[in-house]
Amino acid sequence: MPDEEKLALLLKQNAAEIGITVEVKSVPWASFVDLAPSIFLYDAAAKRAYQDYLVWPAAEAHKKGEPFTATAGYDLYIRDFQYVS
């Protein structure tokens, strides 16, 4: 029995103890991957401080009033930052 299935059965057993019914299904990995989104987007408020000598694309878009939906972690992608001397 694969470890993932053991974990699923343990989760099912624990959930049953608190009155939640869980149905465990085995599916081929390829069909599971097809169900998952390829890009995880989020909209979350966060305060960040930075200096004016740093060009931060996410913050610049916000200043201009442009919509900016960040892929998880991409708003902190350092390669896109620029240093202004």
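Visitor: Why does E60 count as partly exposed?

Guide: Its relative accessibility is 22%. Buried means under 20% and exposed means over 50%, with partly exposed in between, so at 22% E60 lands in the middle class. Bear in mind that this is a predicted model.

Visitor: What makes E60 and K63 a salt bridge?

Guide: Their closest N and O atoms are 3.4 Å apart. The cut-off for a lysine nitrogen and a glutamate carboxyl oxygen is within 4 Å, so 3.4 Å qualifies. The two residues are 3 apart in helix 3, which puts about one helical turn between them. As for K63, its relative accessible area is 59%; the limit for exposed is over 50%, so K63 is exposed.

Visitor: How many salt bridges does the count come to?

Guide: It comes to 3 salt bridges. Another of them joins the side chains of D3 and K6, at 4.0 Å from N to O. Here too there is a separation of about one helical turn, since D3 and K6 are 3 residues apart in helix 1. Then there is K25 with E23, whose closest N and O atoms are 4.0 Å apart. Both K25 and E23 are exposed.

Visitor: How do you know whether D3 is buried or exposed?

Guide: D3 has a relative accessible area of 57%. Exposed means over 50%, so D3 is exposed. Its partner K6 has 46%, which falls between 20% and 50%, so K6 counts as partly exposed.

Visitor: How do you know that the span of helix 1 agrees with what it should be?

Guide: Helix 1 takes in residues 3-17, which is 15 residues. The expected span is 1.5 Å times one less than the number of residues, and that gives 21 Å. The end C-alpha atoms are 21 Å apart, so the two agree. After the helix comes G19, with a positive phi near 85°.

Visitor: Which residues make the nonpolar surface patch?

Guide: M1, L9 and V24 make it, and it covers about 260 Å². V24 lies in the loop between helix 1 and helix 2, the latter being residues 29-35.

Visitor: Why is V24 called partly exposed?

Guide: Its relative accessible area is 31%. That is not under 20% and not over 50%, so V24 is partly exposed. A patch residue needs over 30%, and the 31% of V24 meets that too.

Visitor: How many aromatic pairs does the structure hold?

Guide: It holds 2 aromatic pairs. In one of them, the rings of Y53 and Y83 have their centres 5.7 Å apart and their planes at 65°.

Visitor: What makes the pair of Y53 and Y83 edge-to-face?

Guide: The angle does: planes over 60 degrees apart count as edge-to-face, so at 65° the pair gets that name. Y53 is in the loop between strand 1 (41-42) and strand 2 (54-55), while Y83 is in strand 4 (residues 82-83), so the pair ties together parts that are 30 residues apart in sequence. Y53, at 42% relative accessibility, counts as partly exposed, whereas Y83, at 63%, counts as exposed.

Visitor: And why is the pair of W56 and F81 called tilted?

Guide: The ring centres of W56 and F81 are 5.6 Å apart, and the planes are at 35°. Stacked needs under 30 degrees and edge-to-face needs over 60, so 35° makes the pair tilted. W56 lies in the loop between strand 2 and helix 3 (57-63), and F81 in the loop between strand 3 (70-71) and strand 4, so parts 25 residues apart in sequence are tied together.

Visitor: Is W56 buried or exposed, and how do you know?

Guide: Its relative accessibility is 7%. Buried means under 20%, so W56 counts as buried. Of the 85 residues of the protein chain, 9% count as buried.

Visitor: What is V84 in contact with, leaving aside its neighbours within four places in sequence?

Guide: V84 is in contact with Y53 and V55. V84 is found in the segment after strand 4, and it is partly exposed, with a relative accessible area of 42%. V84 and D52 are 32 residues apart in sequence, yet their C-alpha atoms are 8.2 Å apart in space.

Visitor: What pattern does the protein chain follow along the sequence?

Guide: The pattern reads α-α-β-β-α-β-β, and the chain has 3 helices and 4 strands.

Methods. Residues numbered from 1 in each chain as written. Predicted model: local features only at pLDDT ≥ 70, side-chain atom pairs only at ≥ 80, totals over all residues. Heavy atoms only, no water. Patch = residues over 30% accessible without salt bridge, like charges linked within 9 Å, V, L, I, M, F, W, Y side chains within 5 Å. Areas by Shrake-Rupley, 256 points an atom, 1.4 Å probe, with all protein chains shown as cover. Buried < 20%, exposed > 50% of the residue type's maximum accessible area, 1.4 Å probe, protein only. Phe/Tyr/Trp six-rings, centres within 6.5 Å; stacked < 30°, edge-to-face > 60°. Contact = heavy atoms within 4.5 Å.
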